[in-house]
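User: I want to go through this structure by question and answer, beginning with its cross-links. Please end each answer on the item asked for.

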Amino acid sequence: MAKATVILFLLLSHISVGTLVLANEQKTWCVAKPSSDEKTLQENINYACSQVDCRILQKGCTCSSPDNLMNHASIAMNLYYQAKGRNHWNCHFGNSALVVCTDPSYGSCIYE
């Protein structure tokens, strides 16, 4: 019984309530689902950027290209997700987002 209690304690001590962290502390990111429609993507950008600083998406900035809704929504949604603590509910966006464990950074655009 004591052995089971110790194992349970160790297991629970590594679980972060609400925060999405994989067992090996691997970082996660939030991106737009490829199946999301343009209206939803624009709404996600508007909402996320009303809550966090999205200047990185402005023309000439490191993440402004490619200049399309899928790219900009993914970046904005991830900025929001990271700023709010990487909780699974911060990457829902009306079921138009995915939590990924592969870094979506590209070129000089580094996802937080």
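**Disulfides, core and confidence**

User: What is the angle about the S-S bond in the link of Cys30 and Cys91?

Analyst: The link between Cys30 and Cys91 is a right-handed one. It ties distant parts of the chain, with Cys30 in strand β1 and Cys91 in the loop between α3 and β2, 61 residues apart; helices (H or I, at least four residues) and strands (E, at least two) are DSSP runs, numbered from the N terminus. The angle about the S-S bond of Cys30 and Cys91 is 85°.

User: What kind of model is this, and what is the mean pLDDT of the protein chain?

Analyst: This is a predicted model, in which local features need pLDDT of at least 70 and side-chain atom pairs count only at pLDDT 80 or more, while totals for chains, interfaces and linings use all residues. Residues are numbered from 1 along each chain as its sequence is written, and side-chain values use heavy atoms, with hydrogens and water left out. In the protein chain, 78% of residues reach a pLDDT (the predictor's confidence in each residue, from 0 to 100) of 70 or more, and the mean is 85.

User: Over which residues is the pLDDT below 50?

Analyst: Where pLDDT is low, the predicted coordinates should not be read in detail. The stretch in question has 15 contacts (heavy atoms within 4.5 Å) in the model beyond near neighbours in sequence. The pLDDT is below 50 over residues 2-22.

User: In what order do the elements of the protein chain run from the N terminus on?

Analyst: The protein chain has three helices and two strands. Four bridges join β1 to β2 (residues 97-100), and these strands run antiparallel; strands pair if DSSP finds at least two bridges between them. From the N terminus on, the order of the elements is α-β-α-α-β.

User: Which residue in β2 stands opposite Val31?

Analyst: In a regular strand the side chains alternate between the two faces of the sheet. In β1, Trp29 and Val31 point one way, Cys30 and Ala32 point the other way, and all are buried, where buried means under 20% relative accessible area, exposed over 50% and partly exposed in between (1.4 Å probe, protein chains only). Opposite Val31 in β2 is Leu98.

User: Which element gives the most to the largest nonpolar core?

Analyst: A nonpolar core is a set of buried Ala, Val, Leu, Ile, Met, Phe, Trp, Tyr and Cys residues joined through side-chain atoms within 4.5 Å. The largest one has 23 residues, of which Cys30, Ile75, Met77 and Phe93 touch the most other members. Two or more residues come from each of β1 (29-32), α2 (38-51) and α3 (69-83). With seven residues, the element that gives the most is α3.

User: How many disulfides does the structure hold, and how are the bonded cysteines paired in sequence order?

Analyst: A disulfide is a pair of cysteine sulfur atoms within 2.5 Å. The structure holds three: Cys30 with Cys91 at 2.1 Å, Cys49 with Cys54 at 2.1 Å, and Cys63 with Cys109 at 1.9 Å. Numbered in sequence order, the bonded cysteines pair as 1-5, 2-3, 4-6.

User: Why is the disulfide of Cys49 and Cys54 given its handedness?

Analyst: Cys49 is partly exposed, at 28% relative accessible area, whereas Cys54 is buried at 11%. Because the torsion about the S-S bond of Cys49 and Cys54 is about -95°, this disulfide is left-handed.

User: How far apart in sequence are the linked Cys63 and Cys109?

Analyst: The torsion about the S-S bond of Cys63 and Cys109 is about 105°, so the disulfide is right-handed. Cys63 lies in the loop between α2 and α3 and Cys109 in the segment after β2. Both Cys63 and Cys109 are buried. The separation of Cys63 and Cys109 in sequence is 46 residues.

User: Which residues is Ile75 in contact with, leaving aside its neighbours within four places in sequence?

Analyst: Ile75 is one of the core residues that touch the most other members. Beyond its neighbours within four places in sequence, the contacts of Ile75 are Ile56, Leu57, Cys63, Tyr106, Cys109 and Tyr111.

User: Is Asn87 buried or exposed?

Analyst: Asn87 sits in the loop between α3 and β2. Asn87 and Thr28 are 59 residues apart in sequence, with their C-alpha atoms 10.0 Å apart in space. Because its relative accessible area is 10%, Asn87 counts as buried.
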